[in-house]
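Biologist: I have a model open and want to learn to read its strands and helices. Can we walk through it?

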Amino acid sequence: MHNQKNIKENNHIKMSMQRDTKLMWEECLTVIKDIVPQAAFEAWFKPIIPLSYEGSKFTIQVPSQFFYEYLEEKYVNILKMTLNRVFGEGTTLKYRVMVSGQTKNTVTYPGEEPRSIARDSQTEHDDPGKAPGQFIKAVQDLDPRLNPRCNFDNFFEGESNRLVRAVSEKIAEDPGKTAFNPLFIYGPSGVGKTHLCHAIGVRIRELYPAKRVLYVSANLFRLQYTDAVRKNVTNDFLSFYQSIDVLILDDIHELIGLTKTQEIFFQIFNNLHQLRKQLVLTCDRAPVDLQGMEERLISRLKWGMTAPIERPDSELRRKILRNKINHEGLEIPEDVFEFIAENVTENVRDLEGILVSLMANSVIANREIDITLARQVISQTVRLERKQLTIKKIQEIVCRYFNMDEALIQTKSRKHEIVQARQITMFLAKKYTESSFAHIGKVVGGKDHATVLHACKTVKDQIEISKTFRSTMDAIEGCLKQ
């Protein structure tokens, strides 16, 4: 009887622990969801099953060996950071990999101890702010917080980022000595601002190993400062940051409304700038739009180079997409490639997330990557809308319908079939775009305004008098609307 009671109590405790583990993992997912793209979250984090949390070891179940390896390669740092935040510092992660419904040998990696900004080899303090000894000035003890995989070699250049990339490389060659100090990079999320920050830092460390380089997010800067105030080591915090040779602060807009944090950063900025130390800052908006930021700080941000970075254009998206596909060893049909490039237009992060999700669906569900799957995956991340037609696109569709080389429309040929295709292209261009007669003529064969006007009238007349021609036009317009 006594044993049965103990068994019931143990089962109750076990069920309670499982519930707690599940709730804590849900909290982890909430954190992760704000960090990674939606497609990546759906593909690589939602399938994870939390199993247990015992003795600072958190065990999760993943569906395959490939899944485990991909998490380890791409998202291990995010997992470590999140587990330490939710479960506590020093938490380690254990995987259970399922193969055909059976538990495989457990794969583990030890949780990495949290690192201070600059660790003193003589002290056991790991948490910034625990002791004045945390802010040590030895270069070899400084963790620059740089990602070496984000460098200039794999930062793809296009019209949207050519200027800022050139300026960034110039700064990396001669930090603090150019007119680009500070460098203020601004643009929407996911266009490569953070990648450039790391690339600058990585290159400077390669060229100038003795320089103290530090990459830090504005949010982490805020947390460190708050902790320093709470533990009465603000002077140590200030001294540490004023000893940096190259300070890279990401997402400075996160300091909006934080008066005290802005004041301490203002002091650091002034000191570093006077000493000709390099400052690199990123933001999601231009300095003039930083409402809630102190005016004197805004004026400092405009001292050097303010460089916008735009959303990737079509050519750059294709370049990035092609490289990513080759790097991952994927095989994607050309129609799927074009569909992704045409529809995922906002940022690079979405492009990468889509590929990750396609890969996950293909491998885990043993499903072929086709246009149906691509549409399904993309629709979870971006709103699919019918793209605005261009004259070039209309010309392409008309020529495809008539099985005709597009170059023929651009010639002066008077062959009936070529003239007809040219006139239909002009008519549809006027109907579906806002282009003028003159512009349409310039694009379609280099014709003048009168020629386009005549073409539109000819096609309109043919639609009214010929049932066969009307059917042809209906079929072509149906292709335009796909």
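Modeller: Start with strand β8, residues 246-250, in this predicted model. Buried means under 20% relative accessible area. By that cut-off, five of the five residues of β8 are buried, so the strand counts as mostly covered.

Biologist: Which residues of β8 lie on one side, and which on the other?

Modeller: Sort the residues by side, then check each side for burial. Val 246, Ile 248 and Asp 250 share one side of β8. Leu 247 and Leu 249 sit on the other. All are buried, and both faces are covered.

Biologist: Which strands pair with β8, and in what sense?

Modeller: Count bridges, then read the direction. Strand β7, residues 213-217, pairs with β8 in the parallel sense over five bridges. Strand β9, residues 278-283, also runs parallel to β8, and four bridges link them.

Biologist: Which residues can I use as landmarks for those pairings?

Modeller: For β7 with β8, take Val 213, which stands opposite Val 246. For β8 with β9, take Ile 248, whose bridge partner is Val 280.

Biologist: What is the strand order in the sheet?

Modeller: Follow the pairings from strand to strand. The order is β7-β8-β9-β6-β10, five strands in an open sheet with parallel pairing. At the edges are β7 and β10 (305-308), each pairing on one side only. On average, neighbouring strands are turned by 15 degrees against each other, direction ignored.

Biologist: How many bridges join β6 to β9?

Modeller: Four, and the two strands run parallel. Strand β6 covers residues 183-186. Its Tyr 186 stands opposite Cys 283 in β9.

Biologist: Where do helices come in?

Modeller: Look for a helix that links two strands, then for one that lies across them. Helix α8, residues 259-274, makes a right-handed β-α-β unit with β8 and β9. Helix α6, residues 218-230, lies across β7 and β8. The angle of α6 to β7 is about 90 degrees.

Biologist: How many residues does helix α16 have, and what is its reach?

Modeller: Compare the end-to-end reach with the expected rise. Helix α16, residues 416-432, has 17 residues. From first C-alpha to last, α16 reaches 24 Å, close to the 24 Å expected at 1.5 Å a residue.

Biologist: What do the buried residues of α16 pack against?

Modeller: List the buried residues, then their neighbours. The buried set of α16 includes Ile 418, Arg 422, Gln 423, Met 426 and Phe 427. The packing partners are α14 (391-401), α15 (406-409), α17 (437-443), α18 (449-465) and α19 (467-480).

Conventions
Residues numbered from 1 in each chain as written. Predicted model: local features only at pLDDT ≥ 70, side-chain atom pairs only at ≥ 80, totals over all residues. Heavy atoms only, no water. Expected span 1.5 Å × (residues − 1). Buried < 20%, exposed > 50% of the residue type's maximum accessible area, 1.4 Å probe, protein only. Contact = heavy atoms within 4.5 Å. Pairing = 2+ DSSP bridges. Right-handed = clockwise from strand over helix to strand, strands pointing away. Axes fitted to C-alpha atoms, helices over the stretch in contact; angles between N-to-C directions.
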